[in-house]
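Work through the exercises below with the model open. Try each task before reading its solution.

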Amino acid sequence: MSKNLVIVESPAKAKTIQKYLGKDFEVKSSFGHIRDLPKKGMGIDLATFTPDYEVSADKKKLVTELKAAVKKAETVWLASDEDREGEAIAWHLAQELKLKEDNTRRIVFHEITKNAILKAIENPRKIDQNLVNAQQARRILDRIVGFEMSPVLWKKVKTGLSAGRVQSVAVRLVVEREHEIRDFKAKSTFKVDGVFLNSQKQEIAAKLKKDFAQESEAENFLSQAQTVDFTVLNVEKKPGSRTASAPFTTSTLQQEASNRLGYGVTATMRVAQRLYEEGFITYMRTDSVNLSQEAIENAKNQIISEFGEQYSKPRNYNTKSASAQEAHEAIRPTDFGLKNVPDVQLNKLYQLIYKRTLASQMANAKIEKTVIEIGNAKLPHHFEAQGEVIVFDGFLKVYGITKTDEEDEENTEKLLPKVSVAEPLSYKKIEATEKYSRPPARYTEAGLVKKLEELGIGRPSTYAPTIQTIQNREYVDKREVLAQEREIMKITLAEKGIKKQVLTEKFGADKNKFLPTDIGEVVNDFLTQNFSEILDYGFTAKVEQDFDEIANGAEKWKDVLQGFYKDFHPKIADVEENADRANGERILGTDPKTGRNVLTRIGRFGPMVQIGEQDDEESPIFASLMPSQNIATITLEEALELFKVPFDLQDFEGKPVSVGVGRFGPYVKWGDAFISIPRGEEALSVTQERAEEIIKEKQIADAPIATYKGDDVTKGTGRFGPFIKYKSLFINVPKRYDFDNLSQSDIEELIEAKLHKEANRYIKQWEDEKISIENGRWGPFIKFGKAMFKIPKNKKEEKFTAEELAEVSLDEVKKWITAQDKNAFKEKTKKAPAKKAATKKTTAKKK
């Protein structure tokens, strides 16, 4: 038996640590939190703000195992991460496992290396209750906000919605940015570019230092330029330098991984977690840019040995954020001698971290910037050409420079030919092009993280889950925005004189950027109108500061919760009682055929338009919006077009063809088959020819790829990823298989595994009643329709065996179900449609 039991939160971390400790240590994983607030109910005594923590069903067996291990050990070492979440995990373990203080040690480390682990063992401490309480305060406050605000949304907007303190603020940022884009009025100006030639016919590209508001002004300038000789008016060389960025924090790693690798925030954190747990990098949830002296020295040695002493410039960075949590280091490699890690996916992110850290300890890059002024005294404005030469690459040797989406794509520096003042130049061409101002850019994942950090909202551990949550709730998405077209004027001065051209340019296209959904906008508008303080950026940042004060011991956590709740709860009651329902309803105008109102709103199945109202003599008719349309921007003309869908086309191969829009988007219906129209295409754009193409593509996709025991096997991609279909079974294809090149043996293996699983799925089944007793991951359970129910213990207060369950009667199972849901077998009466009050009738004048 091991004298020492070490408990960490992840099995990967346990495996890495175990190899550094001797036979006297046993390392076990808690698999994250072993207990939390209950999934059902508030789980908090609101009089005292005392939480009612419980061990979840899937952790009970693990807790039993950990308790048994604790009894055998002389000393228990709690080695969860060094942040508030990790401290809370350690505290929950100590509470639930009933650990004694005299033989319990709390250890922390920034990196999982042998030296760090052994040093931590030599320097144990007690659990920091202030950090625990800061985490408890966050968890409880967020539960209160979600638990009390969400039912208000169900009542006032739509059932099934939810609200969250940080998530709702993140949605607000996306919605407000979309409003800025919609309200933006593009202004056109004429920018003038010239290409000049010196005596050696070398080209010099230059820009006029003045933009013109009117076409006539630009044309007038080109007319003047046609009559003058150009010379070099001035040449200025300026020495400059570029400095490396600080080492990575969680936020800057997420931003740079997005810019350089195209990684989403969640993917970045998943890969970084593995790098940390396998001992390659330091802890990846941090808002500090600080490096330890040991790390600075190791980086220095690596730089000097690889590049030479002139490239080394050791430095430390100061964290700008006053609320940076605890004494973390920046994210850095644990070993500067390790340039690559074996796993290809891990290595991409590791390389980014390695190079950024090394670059932060390297000398500045030295550059020489050249500015050439070109013109003539007779001209009111002159041209300017800029270029630069890297004199000493410094940190650029390792890290380089990349431009972000926000940087001006036209601002490119280039190498210029050597010229002297008064040197004559000729122009090859001078062009004045109409350019439109651009609206603010939509947020990328990385951009949203950056904005949240700037506002002081959330902390390193919250960015990824916040962004994932607002997508899961379908308040925001990354749907593609198709380009629009507009005409622009281009005026060119060439050797043959001035020529005008009207060109067409595309604008407004966007991909992989956040847009609010219709329901996201409606929920945001309702919350900002009725809970303005909760969604206020300053208030949300203040709450984060309160958590910091609790962590520092300067505030009592229950006092903070009490101060919040005394104002919050009365507001909930007031909004629930007095606020109007919200569905985004907007009157678009009247239908020219019937004279009835046309309006748009959120309906039961999503955004829709309708002609007529509930209290009209004739029932309203409805149409779903296209995926690219929005209830906030759709026009009357666009709405009326939707009532042309569904529409019929000519038969194809003897089966009728029609086009429609359903819950999952536009489709072509061919016979009884529904075929989704590819993303980016609208239902109204589908012609007979295009419909036949879509049907043929589906025929090819659905063609059998193999047979199994005489029956066809097909494949496809659905909501949950790639699958193969055999008879009525849909079988998910894991990533370890090459989906595009499945072999016969792969297919047989997948089908046989599924058949084996299905054969062992049911212990007993009553198909007519839609009731079954099934084997689940955590043991047998009852399934009734789509609902799942627990199986009670037998008369001996023990779990039923599979053999005993196979003998249970249907009546007994129904009793078990009724004990958990008294209405399970009662007939559900259909509600009569609600009548709209006459006083709320809308008119076209409200447009």
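**Exercise 1. The β9-β10 pair**

Which residue stands opposite A206 in β10?

Solution. Start with the ground rules. This is a predicted model, in which local features need pLDDT of at least 70, side-chain atom pairs count only at pLDDT 80 or more, and totals for chains, interfaces and linings use all residues. Residues are numbered from 1 along each chain as its sequence is written, and side-chain values use heavy atoms, with hydrogens and water left out.

Step 1. Find strand β9 at residues 188-197; β9 and β10 run antiparallel and are joined by five bridges. Strands (E, at least two residues) and helices (H or I, at least four) are DSSP runs numbered from the N terminus. Two strands pair if DSSP finds at least two bridges between them.

Step 2. Read across from A206: the residue opposite is G194.

Step 3. Follow the connection. Five residues separate β9 from β10 in a hairpin. In the turn, K201 has a positive phi of about 65 degrees.

**Exercise 2. The faces and other partner of β10**

Sort the residues of β10 into a covered and an uncovered face.

Solution. Step 1. Take residues 203-208. I204, A206 and L208 lie on the covered face. E203, A205 and K207 lie on the uncovered one.

Step 2. Look for strand β13, residues 383-392. β13 pairs with β10 over two bridges, in the antiparallel sense. Here K207, from the uncovered face, stands opposite E384.

**Exercise 3. A four-stranded sheet**

In what order do the strands of the open sheet with β19 run?

Solution. Step 1. The order is β19-β20-β21-β22, with antiparallel pairing.

Step 2. Mark the edges. β19 (586-590) and β22 (621-624) each pair on one side only.

Step 3. Check the twist. Neighbouring strands are turned by 25 degrees against each other on average, direction ignored. The axes are lines fitted to C-alpha atoms.

Step 4. Inspect one pairing. β19 and β20 (residues 597-603) share four bridges. R586 faces T600 in β20 across this pairing.

**Exercise 4. The whole chain**

Describe the chain by its totals.

Solution. Step 1. Count elements: 21 helices and 34 strands.

Step 2. Give the extent. The C-alpha trace spans about 105 × 80 × 65 Å along its principal axes.

Step 3. Assess burial. Of the 847 residues, 46% are buried (under 20% relative accessible area, 1.4 Å probe, protein chains only).

Step 4. Assess contacts (heavy atoms within 4.5 Å). Among those with a separation of 6 or more, 67% join residues 24 or more positions apart.

Methods
Buried < 20%, exposed > 50% of the residue type's maximum accessible area, 1.4 Å probe, protein only. Axes fitted to C-alpha atoms, helices over the stretch in contact; angles between N-to-C directions.
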